[in-house]
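Trainee: Got a minute to walk through this one with me? I'd like to start with a strand pair and work outwards.

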Amino acid sequence: MSTSLRDTLVRERYLLRFSWAMQDYPRHKTVVRELRRELTATASEVGMRRAVTDLGHPRVLADGHLGELGRPVPRWTTGAVWGALALGAVVYLAMAYGFGTLDTLDQLGGGTVERVFLGATTTFTSDGDAIGMGTTLTWQALVFSAAVFTVPFLLGARVWRAWTPAPAAVLA
Amino acid sequence: MDEPRDPQLLKGVLPMLVLALLTERESYGYELVTRLHEGGLDDLGAGTLYPVLNRLERDGQISSRLVASTSGPARKYYLPTDTGAQRLWSTARAWQQLAGTVDALLARATTKESS
């Protein structure tokens, strides 16, 4: 029996939300794949809407799986978001500084200014014919950028959880 | 009238009940939910059972096999392993001892309250 388009959409919408909530679960794609098969099979008995409803909220189901691990797991997705936000903030500040410098140069009648930060020389040019920014790449700047991303990433991911020992075998 | 059931009480014994039902006969996930409903756990959701099945299989207490179905896709049937059977036996004994202790303590409290 094939699954209708409507049922497929209902199933995949649920699985998408479940998959998002399960991202930190080890080998979560296997769990999602098995749940897809289980949902499809159950829907052939009781209908897709009932099958999905019986599972409850996808976040609660994911919490159930994570809880059964018996130990906290790193939250890599959260860490990646923290890292990206930190890096984005630094890029935003650098661009704001650059445009501010160009505006100032323009107000002063134009010219060229060089600034050195972390060994990288950045040149700001603003005159009647051209406006622009250019910089060099140094290892210090690369290390700084990597640190700006990595430190929030590791903190946001609670990376120390990766070394949390698995619990001893518990009673069924 | 039945008292509302504390989900935490069920959480502790659900793996044992799953092993017990699978010892009777192999079942697939949704069938187990139905059997648990019929056994009196009518407020149990499938979403509570699947993580338990997943963990029991990961711990090697149950095994699974795919069985083709005429009414839909293949079903994943579960059966206790030898480890699961031993675990059921030891957990059932631990549960009976705990239940006896709890009953005795509750009986004392109930007697004191009524006197």
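Mentor: Sure, and keep in mind that this is a predicted model. Look at A:V116 to begin with: its opposite number in β2(A) is A:T121.

Trainee: Which residue of β2(A) stands opposite A:T112?

Mentor: That's A:T125. Both pairs belong to the β1(A) and β2(A) pairing, which is antiparallel and runs over 7 bridges.

Trainee: What's going on in the hairpin of β1(A) and β2(A)?

Mentor: There are 2 residues between the strands, and A:L118 has a positive phi near 55 degrees.

Trainee: OK, zoom out a bit. How many strands form the sheet in chain A, and in what order?

Mentor: It's an open sheet of 3 strands, ordered β1-β2-β3, with antiparallel pairing. β1 (111-117) and β3 (131-135) of chain A sit at the edges, each pairing on one side only. From one strand to the next, the twist averages 15 degrees.

Trainee: Which helix packs on that sheet?

Mentor: Helix α5 of chain A, residues 76-107. The helix touches β1, β2 and β3 of chain A, and its direction makes about 40 degrees with that of β2(A).

Trainee: How many residues of β1(A) are buried?

Mentor: The count is 0 among its 7 residues, so that strand is hardly covered, going by the cut-off of 20 or more other C-beta atoms within 10 Å.

Trainee: Back to the helix. Pick me a residue in α5 of chain A that I can click on.

Mentor: Try A:L102, which is found in that helix. Leaving aside neighbours within four places in sequence, A:L102 is in contact with A:F124, A:S126 and A:I131.

Trainee: Why does A:L102 count as partly exposed?

Mentor: A:L102 has 18 other C-beta atoms within 10 Å. Buried starts at 20 and exposed means 12 or fewer, so a count of 18 lands in between.

Trainee: And how far is A:L102 from A:M48?

Mentor: Their C-alpha atoms are separated by 60 Å, and the two are 54 residues apart along the chain.

Trainee: How is chain A divided into domains?

Mentor: Domain 1 covers 5-68 and domain 2 covers 76-161. Taken over C-alpha atoms, the centres of these two domains of chain A are 42 Å apart.

Trainee: What does the radius of gyration of chain A come to?

Mentor: Chain A has 26 Å, while a compact globule of 172 residues would have a value near 16 Å. The C-alpha trace spans about 80 × 45 × 20 Å along the principal axes of chain A. As for burial, 20% of the 172 residues of chain A count as buried.

Trainee: What's the secondary structure of chain A, start to finish?

Mentor: Chain A comes to 6 helices and 3 strands. Along the sequence they follow α-α-α-α-α-β-β-β-α.

Trainee: New topic: chain B. What pattern does chain B follow?

Mentor: α-β-α-α-β-β-α, reading along the sequence. That's 4 helices and 3 strands for chain B.

Trainee: How does the radius of gyration of chain B look against a compact globule?

Mentor: Chain B has 17 Å, where a compact globule of 115 residues would have a radius of gyration near 13 Å. Its C-alpha atoms fill a box of roughly 60 × 30 × 20 Å. Of the 115 residues of chain B, 29% count as buried.

Trainee: Where is B:P15, and is B:P15 buried or exposed?

Mentor: B:P15 is in helix α1 of chain B. B:P15 counts as buried because 24 C-beta neighbours lie inside 10 Å and the cut-off is 20. In space, B:P15 is 6.3 Å from B:V52, C-alpha to C-alpha, with their positions 37 residues apart in sequence.

Trainee: Last one: how many residues does each chain put into the contact?

Mentor: 25 residues from chain B and 21 residues from chain A. On the chain B side, α1 (7-24), α2 (29-38), α3 (46-58), β3 (75-80) and α4 (82-114) each supply at least two residues.

Trainee: Which element gives the largest share of that chain B side?

Mentor: α3(B), with 8 residues. By class, the side of chain B that touches chain A has 11 nonpolar, 10 polar and 4 charged residues.

Methods
Residues are numbered from 1 along each chain as its sequence is written. Chains are lettered from A and ligands numbered from 1 in the order in which they are written. This is a predicted model: local features need pLDDT of at least 70, side-chain atom pairs count only at pLDDT 80 or more; totals for chains, interfaces and linings use all residues. The radius of gyration is taken over C-alpha atoms; the globule rule is 2.2 Å times the number of residues to the power 0.38. Two residues are in contact if their C-beta atoms, placed from the backbone, lie within 7 Å. Ala, Val, Leu, Ile, Met, Phe, Trp, Tyr, Cys and Pro count as nonpolar, Asp, Glu, Lys and Arg as charged, and the others, Gly among them, as polar. Domain bounds come from an automatic or database domain assignment. Two strands pair if DSSP finds at least two bridges between them. Axes are lines fitted to C-alpha atoms, for helices over the stretch in contact, and angles run from 0 to 180 degrees between N-to-C directions.
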